[in-house]
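Reader: Got a minute to walk me through this one? I'd like the short version, with cut-offs.

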Amino acid sequence: MARASTLKLAFHVYRTGQIGLKSTTNTGFTQCSRRYIQTHSQRPNNLPLAFAFDIDGVLIRGEEALPAAKKAFSVLHGDNPLGVEIPFILLTNGGGVSEETRCQKLSAQLGFQIKPEQYIQAHTVLKNIVSKYVNQPVLVLGGKNDAVRKVAEGYGFKQVYNTLDVLAWKPSAWPFHDLTPEERASAKEVDFAQVPIAAVFVFHDPRDWALDIQIICDVIQSGGIIGGPHVPYLRRKPIDLVFCNPDLVWRSDFERPRLGQGAFKDAFQAVFKSLTGSTYPHVQFGKPTEATYAFAENVLQDQSQKLWGHRQFPSVYMIGDNPESDIAGANAARWKSILVHTGVYDPQMGPPSHKPTYEASDVAEAVNMALDQELGTGRKPDAWTG
Ligand code: G3P
Ligand code: MG
């Protein structure tokens with residue numbers, strides 16, 4: 001029996017359980033129908049699709065996993081018509097801790113193991129540029145206490161400072177933030193008058209926007225020496241400024257989306273323009289940037305190589321909740337995309353700013369919709385009742 005029709009049959013039985021008895025799994029697939037498929041249809045020698053999942057607003061809201069996430073992951077881990085593992089990665093604009101630490105937490109929240117090699121966060125892409133700064137003093141922003149410093153050192157940066165170090169050095173640098181005992185304990189002792197900062201990396205959402213905006217301006221206007229004399233623009237040593245997450249808003253467990261790192265960037269640029277008359281040139285990483293999607297495609301190919309012995313897969317499905325980052329990036333990368341209604345995007349507010357391939361109520365519906373499309377059952381997305 002030709003392979004395509006085997007797959008079609010497989011999916012028909014899988015979907016309808018025709019051959020099977022009453023549904024026994026939480027994803028509606030009958031054990032016996034899958035057994036039928038596995039014995040009657042050979043394992044395909046390549047898989048028609050792979051997935052990239054956003055996290056906030058798709059799998060997680062605040063600290064809680066969304067119920068649909070567990071359903072979706074059981075399909076990816078074999079509870080599907082082919083009974084096979086489907087390659088996937090997690091691609092988030094979140095961050096602030098190491099990939100290993102976040103994967104441990106995600107595995108506990110989702111009830112499925114997430115391996116660091118299939119997880120990409122906003123600043124993971126910096127691993128590709130660390131060699132340029134390895135022996136230079138850099139300032140890292142965002143996250144709690146010195147968590148981001150540890151991440152940067154884990155990537156290979158050798159001289160890593162943060163704005164809490166600056167406050168510990170001179171509280172007058174920003175008189176409106178008294179260091180907590182925890183912050184003081186995490187701070188490094190350093191005389192910034194002797195440290196020419198070469199670059200500023202905004203790894204994750206800053207905890208004190210005002211403090212961080214003040215210190216970025218100090219670094220840039222003084223050519224790297226915090227508190228040093230301001231250097232006229234044309235004679236000023238350029239300081240590299242890198243942002244890792246452009247999200248203006250993101251979805252947590254609060255009723256409405258929250259301001260993200262992109263809003264911090266806009267606030268910084270507004271202040272810098274008021275001070276100097278112009279905004280400051282910077283590098284942007286994170287979804288929807290091309291650099292981040294190219295990095296992700298490579299990681300997905302590694303996953304496919306590991307699972308299936310090859311790096312090609314006809315279709316990548318990006319499942320996201322934010323049209324500006326998830327869908328815009330997927331469209332530009334020529335991936336397929338499914339916009340879910342569990343996060344930033346609210347269908348009540350009209351059509352999304354970037355058109356996805358499909359829309360779905362949640363991630364479980366999205367995964368099944370993609371399987372439907374790629375395994376050729378031909379069921380139209382709007383036939384979906386999820
Ligand atoms: O801070 C994280 C937020 O901007 C979005 O995260 O997982 O939706 O890309 P995510
Ligand atoms: Mg999201």
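Author: Here is a quick chat through the fold, a helix pair and the metal site.

Author: This is a predicted model, where local features need pLDDT of at least 70, side-chain atom pairs count only at pLDDT 80 or more, and totals for chains, interfaces and linings use all residues. Residues are numbered from 1 along each chain as its sequence is written, chains are lettered from A and ligands numbered from 1 in the order in which they are written, and side-chain values use heavy atoms, with hydrogens and water left out.

Reader: Fine. How many helices and strands does the protein have?

Author: There are 12 helices and 15 strands. Those are DSSP runs numbered from the N terminus, helices being H or I with at least four residues and strands E with at least two.

Reader: What order do the strands of the open sheet take?

Author: Six strands run β5-β4-β1-β13-β14-β15, with parallel pairing; two strands pair if DSSP finds at least two bridges between them. β5 (119–120) and β15 (358–360) are at the edges with a single partner strand each, so one side of each has no neighbour in the sheet.

Reader: And which helix packs on that sheet?

Author: Helix α11 (residues 323–332), which touches β13 (315–320) and β14 and makes about 165 degrees with the direction of β14. Axes are lines fitted to C-alpha atoms, for helices over the stretch in contact, and angles run from 0 to 180 degrees between N-to-C directions. β14 itself covers residues 336–340 and joins β15 over three parallel bridges, and Leucine 339 sits opposite glutamate 359 in β15.

Reader: Switching to α8 and α9: at what angle do they cross?

Author: Roughly 50 degrees, with the axes of α8 (residues 209–221) and α9 (residues 261–276) coming within 10 Å. The contact (heavy atoms within 4.5 Å) includes Trp209 and Ile213 of α8 and Phe264 and Phe268 of α9.

Reader: OK, the metal. Which residues are the protein donors of the magnesium ion (ligand 2)?

Author: Asp54 (OD), Asp56 (O) and Asp321 (OD), at 2.0 to 2.1 Å from the ion. Donors are N, O and S atoms within 2.8 Å of the metal (3.2 Å for Na, K and Ca), and water is not among the atoms, so sites may look incomplete. Along the chain their spacing is D-x1-D-x264-D.

Reader: Is aspartate 54 buried or exposed?

Author: Buried, at 4% relative accessibility. Aspartate 56 is buried as well, with a relative accessible area of 16%. Buried means under 20% relative accessible area, exposed over 50% and partly exposed in between (1.4 Å probe, protein chains only).
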